[in-house]
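Thank you all for making time this morning. I would like to walk through one model with you, moving from single residues to helix packing and then to some backbone details.

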Amino acid sequence: MAQEENCCVVVCESPLDQLYWDAQYQANQTAWDLGCCSPAFQALVAGINDKNAAILIPGCGSSYEAKHLVSIGFTNITLIDIAPTLVQKLQAEFKETPQVRVILTDFFAHQNQYDYIVEQTFFCALPPTLRVQYVAKMHQLLQPKGQLMGLFFDTTFEVSPPFGGSKEEYISLFESAFTLLQLDKTSLSVPKRVGIELAFQFQKKDPLLVSTYQFKGITCSGCKTSVMEKFKTIPNVLSAQMNTAFDFVMLTSTAPIALSDLQKAIAYDADYQITPLN
């Protein structure tokens, strides 16, 4: 199963950037492509009643999901992907479909707001070091009470991407910024993914402030834990998360947090530096 999902071609050790993903499409090596819209995905979006809701599909791939949404009456769908070869193909494919717009962009640079963000195999294509950034960006891109939904892998892989995970990891990752409406194994997976997919539906927490920062100076998990605990003691801070590369921090709070309070909390180590990103 893991071998079937592997997507790398000749650049497995290259950064997972635009060049990497474009190479997969140029080589037509897209083992993750199901060739259809997953029944599990169809079941999730069946619960969206507003056909005019603004919907984003990031890392959209072949966009069977968009075709399904159009077929059941949705009118406002945005597809984004980082691979030029794919985006050019999709722009031609959806040229006569005004309900769909296709944009070449990096998800983390995208600016807009949506009622729903739906995805399949985008999260798992990102390096795990970006997972906290993913949560923060999803919160930013959603309208108040907006929802993020789709499918996560509930397994690990010998060769990545895709990068797997577990229900426990996803709860820990998302619960600070989202209300977890659903996160369970689905019985609607396609045959090659039976038993290893979780269907999820998360709602953006409001009112809640999500602030992001660049961090420098940490080199181990123990230090990371100590700094996060110190940030949690600052008034109005609800949660503090740092990515596995130790260079990105996401704080959730009930009120704006003064940068001076954060700097004071880490002043015990002269190597630590924190800089706001939003």
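Let me begin with Q182, which sits in strand 6 of what is, I should say at once, a predicted model. With a relative accessibility of 26%, Q182 counts as partly exposed, since the buried class is reserved for values under 20% and the exposed class for values over 50%. If we set aside the neighbours within four places in sequence, the residues in contact with Q182 are L44, A199, F200, Q201 and F202. Of these I would point to Q201, whose C-alpha lies 4.9 Å from that of Q182 although 19 residues separate the two in sequence.

Now compare T252, which belongs to strand 10, the stretch covering residues 248–253. Is T252 buried or exposed? It is buried, because its relative accessible area comes out at 0%. The side chain of T252 also makes a polar contact, at 2.5 Å, with the side chain of S239. Not counting residues up to four places away in sequence, T252 touches S176, L208, L209, V210, N236, V237, L238 and S239.

Let me turn to the helices, starting with helix 7, residues 167–174, where the buried residues are Y170, L173 and F174. These three cover an arc of only 80° around the axis, and so they lie on the same side of helix 7. What do the buried residues of helix 7 pack against? Their partners are helix 6, which runs over 131–141, together with strand 5 (142–153), strand 6 (178–185), strand 7 (197–204) and strand 9 (237–242).

The pairing with helix 6 deserves a closer look. The axes of helix 6 and helix 7 are 10 Å apart, and the two helices pack at an angle of about 50°. That angle makes helix 6 oblique to helix 7, and the crossing in which helix 6 passes helix 7 is right-handed. On the helix 6 side the contact is made by R131, V132, Y134 and V135, while helix 7 contributes E169, Y170, L173 and F174. Y170, L173 and F174, then, are listed both among the buried residues of helix 7 and in its contact with helix 6.

A second helix pair to consider is helix 2 with helix 5, the latter being residues 84–93, whose axes come within 7 Å and cross at roughly 55°. Helix 2 and helix 5 are therefore oblique to each other. The residues that make this contact are Q18, D22, Y25 and Q26 from helix 2 and P84, T85 and L86 from helix 5.

Helix 4 again raises the matter of a buried face, and here the buried residues are E65, A66, H68 and L69. Seen down the axis of helix 4, they fall within an arc of 160°, so they line one face of the helix. The elements that cover these buried residues include helix 3, strand 1, strand 2 (77–81) and strand 4 (114–120).

Staying with helix 4 brings us to the backbone, where some general background is useful. Most residues other than glycine have a negative phi, and most peptide bonds are trans. S63 lies in the loop between strand 1 (55–58) and helix 4 (64–71), and its phi is positive, near 65°, although S63 is not a glycine. S63 counts as buried because its relative accessibility is 1%. Just after helix 4 there is a glycine, G73, that takes a positive phi of about 105°.

N28 also has a positive phi, of about 55°, without being a glycine, and it is found in the loop between helix 2 (18–26) and helix 3 (39–45). Is N28 buried or exposed? N28 is exposed, because its relative accessible area is 62%.

Finally, I would like to mention the cis peptide bonds. The bond from S160 to P161 is cis, with omega near 0°, and P161 is placed in the loop between strand 5 and helix 7. The bond from D206 to P207 is likewise cis, with omega near -10°, and P207 is placed in the loop between strand 7 and strand 8, which spans 209–216.

I am happy to go back to any of these residues on the screen.

Note on methods:
Residues numbered from 1 in each chain as written. Predicted model: local features only at pLDDT ≥ 70, side-chain atom pairs only at ≥ 80, totals over all residues. Heavy atoms only, no water. Buried < 20%, exposed > 50% of the residue type's maximum accessible area, 1.4 Å probe, protein only. Helix = DSSP H or I, 4+ residues; strand = E, 2+ residues; numbered from the N terminus. Arc of directions from axis to C-beta. Contact = heavy atoms within 4.5 Å. Polar contact = N/O pair within 3.5 Å; in protein donor to acceptor, adjacent residues only side chain to side chain. Axes fitted to C-alpha atoms, helices over the stretch in contact; angles between N-to-C directions. Parallel < 35°, antiparallel > 145°, perpendicular 65-115°, else oblique. Left-handed = near helix turned anticlockwise from the far one by under 90°.
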